Amino acid sequence: MDTMSRVGDIEAALGAVRARLDAACRDAGRDPAEVSLLPVTKFFPESDARILYDLGCREFGESREQEATAKIAEFRTAVPDPSVRWHMIGHLQRNKAKAVAHWAYAIHSVDSERLVGALGRAAATALEAGERPAPLRVLLQVSLDGDPQRGGAAIGDLDRLAAQVQSSPGLEYRGLMAVPPIEADPDAAFEELHNIHARLQRDHPDATELSAGMTNDLEHAVRHGSTCVRVGTALLGARPITSK
């Protein structure tokens, strides 16, 4: 596919997704400014992120540390704009915490004490070295189906994890993330997530972020309080493009 064709496709897709998101907010009686669109660029080349940047996007989601670290370095060379923010949205192994702490504005997929500890140490070290400007923003991933293979902390562990994040100097607890169980009713799943989030906010009033909703279910997520929808397929297509 030639560059101009790719730009046109992504521009049209971005316009369609933004229209969907605006309509979802209107239907839910919400201000569209309350819900951010996080383009997910995992599996796609750095050039696609640059196209989205030229179309006004300033935040991007990645899910594999090795791919993201290389892609972000390439992007920053081409676009030295400090306002761009990168989010880690995929499962993270503890031994990758140091690398992610160098480039992530936020991580949406924290689900264990050991990962909190590794990220806290890595982010604190990066802060002390002047390698990041602010604490790493943490969203705890909630398991709504109890399946450990799909990631996420058990609902009963969330209070303890939130307190651990809040007490870590390099971290800042900002809210929750979840993916609905396979074949679940998305409205029921996102309503449950909303209720869990509201309960945790009683002890952590600044943790206002709720990362929920993707290409196929963003309208349901917005209806139940999502503040960030993570969209990849509807923007960049279903077939992964090999990244450098």
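This report describes three helix pairs and the largest pocket of a predicted model.

**Helix packing**

Two packed helices are described by the angle between their axes and the distance between the axes. The table gives these values for the three pairs.

| Helix pair | Angle between axes | Distance between axes |
|---|---|---|
| α1 (residues 3–27) and α2 | about 55° | 10 Å |
| α2 (residues 46–54) and α3 (residues 65–78) | about 45° | 9 Å |
| α5 (residues 113–128) and α6 (residues 158–166) | about 10° | 10 Å |

Helix α2 takes part in two of these packings, one with α1 and one with α3. With their axes at an angle of about 55°, α1 is oblique to α2, and α1 passes α2 in a right-handed crossing. On the α1 side the residues that meet α2 are R6, V7, I10 and L14, while α2 contributes D48, I51 and L52. Sorted by class, this contact of α1 with α2 holds five nonpolar and two charged residues, with no polar ones.

Towards α3, helix α2 packs at an angle of about 45°, and α2 is therefore oblique to α3, since an angle that is neither under 35 degrees, nor over 145, nor from 65 to 115 counts as oblique. The crossing of α2 and α3 is right-handed. Here E46, A49, R50 and Y53 of α2 are in contact with a set from α3 made up of K71, E74, F75 and A78. The residues of this contact of α2 with α3 are four nonpolar and four charged, again with no polar residue.

The third pair, α5 and α6, packs at an angle of about 10°, and because angles under 35 degrees count as roughly parallel, α5 and α6 are roughly parallel to each other. Their contact is formed by E113, V116 and G117 from α5 together with R160, L161, Q164 and V165 from α6. By class, the contact of α5 with α6 comprises three nonpolar, two polar and two charged residues.

**The largest pocket**

Rolling a probe the size of a water molecule over the atoms shows where empty space is left. In this model the largest pocket has a volume of about 520 Å³. It is lined by 26 residues, of which K42, M214, T215, R230 and T233 are the closest to its centre. The lining of the largest pocket divides by class into 14 nonpolar, seven polar and five charged residues.

Notes:
Residues are numbered from 1 along each chain as its sequence is written. This is a predicted model: local features need pLDDT of at least 70, side-chain atom pairs count only at pLDDT 80 or more; totals for chains, interfaces and linings use all residues. Side-chain values use heavy atoms; hydrogens and water are left out. Axes are lines fitted to C-alpha atoms, for helices over the stretch in contact, and angles run from 0 to 180 degrees between N-to-C directions. Helices (H or I, at least four residues) and strands (E, at least two) are DSSP runs, numbered from the N terminus. A crossing is left-handed if the near helix is turned anticlockwise from the far one by less than a right angle, and right-handed if clockwise. Contact means heavy atoms within 4.5 Å. Ala, Val, Leu, Ile, Met, Phe, Trp, Tyr, Cys and Pro count as nonpolar, Asp, Glu, Lys and Arg as charged, and the others, Gly among them, as polar. On a 1 Å grid over the protein atoms alone, a cavity is a set of points where a 1.4 Å probe fits but cannot get out, and a pocket is an open set with protein on both sides within 12 Å along at least five of seven lines; lining residues have an atom within 4 Å of a point. Grid points are joined across faces, edges and corners, and a volume is the space filled by probe spheres set on the points.
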